[in-house]
Amino acid sequence: MSSTGKANAVLAAAVVFLLLSSCAAYLAFQRFQTSELWVLHSLDVQHALDHFSSTAGRAGRLRSEYVESGDPLLLSRQGEAAAEVRSALSTIQRLTADNIAQQANCVKLAQLTEHRLDLMDQALELKRSGKSTADSQAPVNHAMMADADATETVINAMEDEEQRLLTERRAREDSAFSVIAAVLLTSLFLGLVLFLIHHQMITDHVRERVRAENAQRNLSARLLNLQDEERRKFARELHDSVGQQLAAIKMAISMIERHAPGNPIVADCLRLVDDAIGETRTISHLLHPPLLDEAGLNSAIRWFVEGFARRSGIQVDLHIEDRTPRYEDSVELVLFRALQESLTNVHRHSGATQADVRLTTAGSHVILNVRDRGRGIPHAVLLSLQGDGTAGGVGLAGMTERVREIGGRLEISSNGDGTEIVAQVPARFRKQPELETLPSTA
């Protein structure tokens, strides 16, 4: 499996793991919510039991106060308290409907409560009928005390049961919370580990790709340098070998012409040899102009532009900033090749009759600008050129690599009014030779 495939597999595993962890966390959270609701339910039952006890005690106190004072207001309040006791009992029965043991206690509690309220009504009736005496109230009070003790026993049993359930439910709640925390922490840790592995794989893949691109760029630069060396060598061979042989042929034909003056065949041969010598010199200079080495970039550009305009019929407007110091050989060669390739493309593809060439400096950079007024580049091809420069063929790709090799950049823009190529490279100048001081003679 490739490095990209491995990285994608790790990312997919991380995503799947996070999805499974999310499902597990959701289920654990649901369990936690259920446990929390049961805990709240137990607390509600305990609160209802406490409320029942306090309400029943208040009803008993109001009964005693009425028996002692006979105040009608106390009788009314006692009736309200008795109704509230029955309501509290109904609430307890509703809350404990899910628990069989508590329901049995609720039956006992209901029986005791009804009997206790009946006894209260008997005591109140004795008071209302004027038959309330210590002797008549004593049996009722004794029975009510017995019911109160039995009621307290049942309520204590119910509270103990609810406390037991509360403890169990809180334990389940804590367990669910621990599960949620463990799932989330484990998911976070393993997710981070998987994403870090994925990031490391992507980083390694990027490094490999950058390393391969650098190797390819170095190879391209080496090939371009070899190409320049071969061009220089071939230009020198043309000048020194073919050019000299053509010159010798011209000399021989000239000698024949002196012995046969006015011969049209000899004249044609002499003219053809002159044309061959001129073409050889032009090809040699185009392969590697000697002016570039001898006089510098400005002179080489002027010579090339003049020759290009003469051969192609395209008018070229040339603007060059003359500078005394010369650029480094690599800078001059890259800019000259960029100009050569740009004007060649203008002649081949643009259909233009006019072009502009400008060589300027801006800060620490030297800028070559070549613009034509032709048909422009199709939009799809232009996008590819601006992306990786491969759609323009070997020439533009080589120009891009040359400029990039010395730390510059190449920009290509085009519209219906023509195409513009801008090569911007660092303005590195040649080191001036130090003049040796001659010893003075006395």
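## A buried asparagine in helix H8

Asn345 is buried, its relative accessible area being 17%. In this predicted model, the residue belongs to helix H8. Leaving aside residues up to four places away in sequence, Asn345 touches Ser350 and Leu396.

## The sheet and the helices on it

Let's move to the sheet. Five strands make it up, in the order E1-E2-E3-E5-E4, and the sheet is open, with mixed pairing. Strand E1 (315–320) and E4 are the edge strands; each has a single partner strand, so one side of each is left without a neighbour in the sheet. From one strand to the next, the twist averages 10 degrees.

Helix H8 (residues 329–350), the home of Asn345, packs on this sheet, where it touches E2, strand E3 (365–372) and E5. The direction of H8 makes about 10 degrees with that of E3. Helix H7 (residues 297–312) lies across E1 and strand E2 (354–362), and runs at about 170 degrees to E1.

## The E4–E5 hairpin

Now for a closer look at one end of the strand order. E4 and E5 form a hairpin, with two residues between the strands. Strand E5 (residues 418–426) runs antiparallel to E4, and seven bridges join the two.

Which residues of E4 lie on its covered face, and which on its uncovered one? Strand E4 (residues 409–415) has Leu410, Ile412 and Ser414 on the covered face, while Arg409, Glu411, Ser413 and Asn415 make up the uncovered face. Two residues of the uncovered face can be followed across to E5: Arg409 stands opposite Gln424, and Glu411 has Val422 as its bridge partner.

Arg409 and Glu411 also form a salt bridge with each other, their closest N and O atoms being 2.8 Å apart. Arg409 is partly exposed, with a relative accessible area of 44%. Glu411 is partly exposed too, at 39%.

## Salt bridges elsewhere

Side chains of opposite charge can pair when their charged atoms come close. How many salt bridges does the model hold? The count comes to 14, and the Arg409–Glu411 pair just described is a salt bridge of this kind.

Another salt bridge involves strand E5: the side chains of Glu420 and Arg371 meet at 3.8 Å, N to O. This pair links distant parts of the chain, with Glu420 in strand E5 and Arg371 in strand E3, 49 residues apart. Glu420 counts as partly exposed at 21% relative accessibility, just as Arg371 counts as partly exposed at 26%. For Glu420, the 21% sits by the cut-off, because buried means under 20% relative accessible area.

In helix H5 (residues 264–287), Arg271 and Asp268 lie three residues apart, about one turn of the helix. These two form a salt bridge, with the closest N and O atoms 3.8 Å apart. Arg271 is partly exposed at 46% relative accessibility, and Asp268 is partly exposed with a relative accessible area of 39%. There is also a network of salt bridges, which links Glu161, Arg164 and Glu168.

## Nonpolar side chains at the surface

Finally, a few words on helix H4 (residues 134–259), where Phe189 is found. Is Phe189 buried or exposed? At 54% relative accessibility, Phe189 counts as exposed, because the class starts over 50%. Together with Leu190, Val193 and Ile197, Phe189 makes a nonpolar surface patch of about 320 Å².

Phe234 also has its place in helix H4. With a relative accessible area of 46%, Phe234 is partly exposed. The C-alpha atoms of Phe234 and Ile283 are separated by 9.8 Å, and the two residues are 49 residues apart along the chain.

Technical notes. Residues are numbered from 1 along each chain as its sequence is written. This is a predicted model: local features need pLDDT of at least 70, side-chain atom pairs count only at pLDDT 80 or more; totals for chains, interfaces and linings use all residues. Side-chain values use heavy atoms; hydrogens and water are left out. Buried means under 20% relative accessible area, exposed over 50%, partly exposed in between (1.4 Å probe, protein chains only). Helices (H or I, at least four residues) and strands (E, at least two) are DSSP runs, numbered from the N terminus. Two strands pair if DSSP finds at least two bridges between them. Patches are made of residues with over 30% relative accessible area and no salt bridge: like charges are joined within 9 Å, nonpolar side chains (Val, Leu, Ile, Met, Phe, Trp, Tyr) within 5 Å. Accessible areas come from the Shrake-Rupley method with a 1.4 Å probe; for residues, only the protein chains shown count as cover. A salt bridge is a side-chain nitrogen of Lys or Arg within 4 Å of a carboxyl oxygen of Asp or Glu. Axes are lines fitted to C-alpha atoms, for helices over the stretch in contact, and angles run from 0 to 180 degrees between N-to-C directions. Contact means heavy atoms within 4.5 Å.
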